[in-house]
Amino acid sequence: MQIADGIWSVDGLRASNVYLVRGADGVVVIDSCVRGSQGAILGALRDAGYQPDGVQAIVITHAHVDHIGSLRELHRATGAPIYAPAGEIPAIEGHAPLPHPRGLIGQVFRGVNSLLRPDPVVVQHALRPGPSLTALPGWYVVPTPGHTQDHTSLYNPQRQLLIAGDALANLGGLRLAPRPFTSNIGRARASTAMLAGLPLRNVLCGHGAPVMGDVTVPRHLQTLGRPQRYRSNASHALSWR
Ligand SMILES: [Zn+2]
């Protein structure tokens, strides 16, 4: 489905969104959903007018199983180099566990990860912050840590458009990704507060429908980025997380 000029989302995926972005001399694929999604992604490329060898790069926002699941197959089908955040590369390449939260929820998440974990694949390039992707002129690589340790988003200032990965989710409105799937909620909020400072009215999340032409996005992100106030049962004192 075409979202905007030169930007498409892949239809028919079950777990998370994959975006195609027209680049300097072809197209760039952002994330790869779960295992078995390569057919839908290659079909969407065709519908957008690209052959597999027209893919210039595959960019990964973070190393969760619903974003790297079809990475190896997609890399094989297109021959395109993989770009990923430096801190997420060991997990993608199979040298480290996939990122997961701490505590009991983290243990459950780890179990799910090991069941769904895709085959490792070698990453060709670490993403560098700034306008570093030659395949995507006008786009900036923006670190948005928190959901995972080295989570990264892509931002186009001219279009006021953010491809957020799971730094944000559009689940009944724009919000942070659910806490059970987030490694460090405090850092995720700090990243959101940083994003609130950008001129931004279009947000494409890893989960949920596109947010387009919404001038209230920065204000909303400012609220989401605030540390949360809560009442401690033990002391009945208000404190900041
Ligand atoms: Zn995630």
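**Exercise 1. Classify A196 by burial, then place A196 in the fold.**

Step 1: count neighbours. A196 has 18 other C-beta atoms within 10 Å, so A196 is partly exposed. On this scale a residue is buried with 20 or more other C-beta atoms within 10 Å of its own, exposed with 12 or fewer, and partly exposed in between, with C-beta atoms placed from the backbone.

Step 2: locate the residue. A196 sits in the loop between α6 and β13 (202–205). Helices (H or I, at least four residues) and strands (E, at least two) are DSSP runs, numbered from the N terminus.

Step 3: list contacts. Apart from neighbours within four places in sequence, A196 is in contact with P218, L221, Q222 and G225; contact means that the C-beta atoms, placed from the backbone, lie within 7 Å.

Step 4: compare sequence and space. From A196 to A167 there are 29 residues in sequence and 12 Å in space, C-alpha to C-alpha.

A note before you go on: this is a predicted model, in which local features need pLDDT of at least 70, side-chain atom pairs count only at pLDDT 80 or more, and totals for chains, interfaces and linings use all residues. Residues are numbered from 1 along each chain as its sequence is written.

**Exercise 2. Describe how α6 and α7 pack.**

Step 1: find the geometry. The axes of helix α6 (residues 185–195) and helix α7 (residues 217–225) come within 8 Å and cross at roughly 155°. Axes are lines fitted to C-alpha atoms, for helices over the stretch in contact, and angles run from 0 to 180 degrees between N-to-C directions.

Step 2: name the arrangement. α6 and α7 are therefore roughly antiparallel to each other. The classes are roughly parallel under 35 degrees, roughly antiparallel over 145, roughly perpendicular from 65 to 115, and oblique for the rest.

Step 3: give the hand and the residues. The crossing of α6 and α7 is left-handed; that is, the near helix is turned anticlockwise from the far one by less than a right angle, whereas clockwise would be right-handed. On the α6 side the contact is made by R189, A190, T192, A193 and L195, and on the α7 side by L221, Q222, L224 and G225.

**Exercise 3. Repeat the analysis for α1 and α3.**

Step 1: α1 and helix α3 (residues 71–78) have axes 9 Å apart and pack at an angle of about 40°.

Step 2: α1 and α3 are therefore oblique to each other, and their crossing is right-handed.

Step 3: Q38, I41 and L42 of α1 meet E73, L74 and A77 of α3.

**Exercise 4. Which two loop residues, D31 and C33, have which phi values, and are they buried or exposed?**

Step 1: read the torsions. Phi is near 70° for D31 and near 60° for C33. Most residues other than glycine have a negative phi.

Step 2: place them. D31 lies in the loop between β4 (27–30) and α1 (38–47), and C33 is also found in the loop between β4 and α1.

Step 3: count neighbours. D31 has 29 C-beta neighbours inside 10 Å and counts as buried; C33 has 25 and counts as buried.

**Exercise 5. Where is I105, and how far is I105 from G87?**

Step 1: I105 belongs to helix α5 (residues 103–116).

Step 2: the C-alpha atoms of I105 and G87 are 22 Å apart in space, with their positions 18 residues apart in sequence numbering.

Technical notes:
Two residues are in contact if their C-beta atoms, placed from the backbone, lie within 7 Å.
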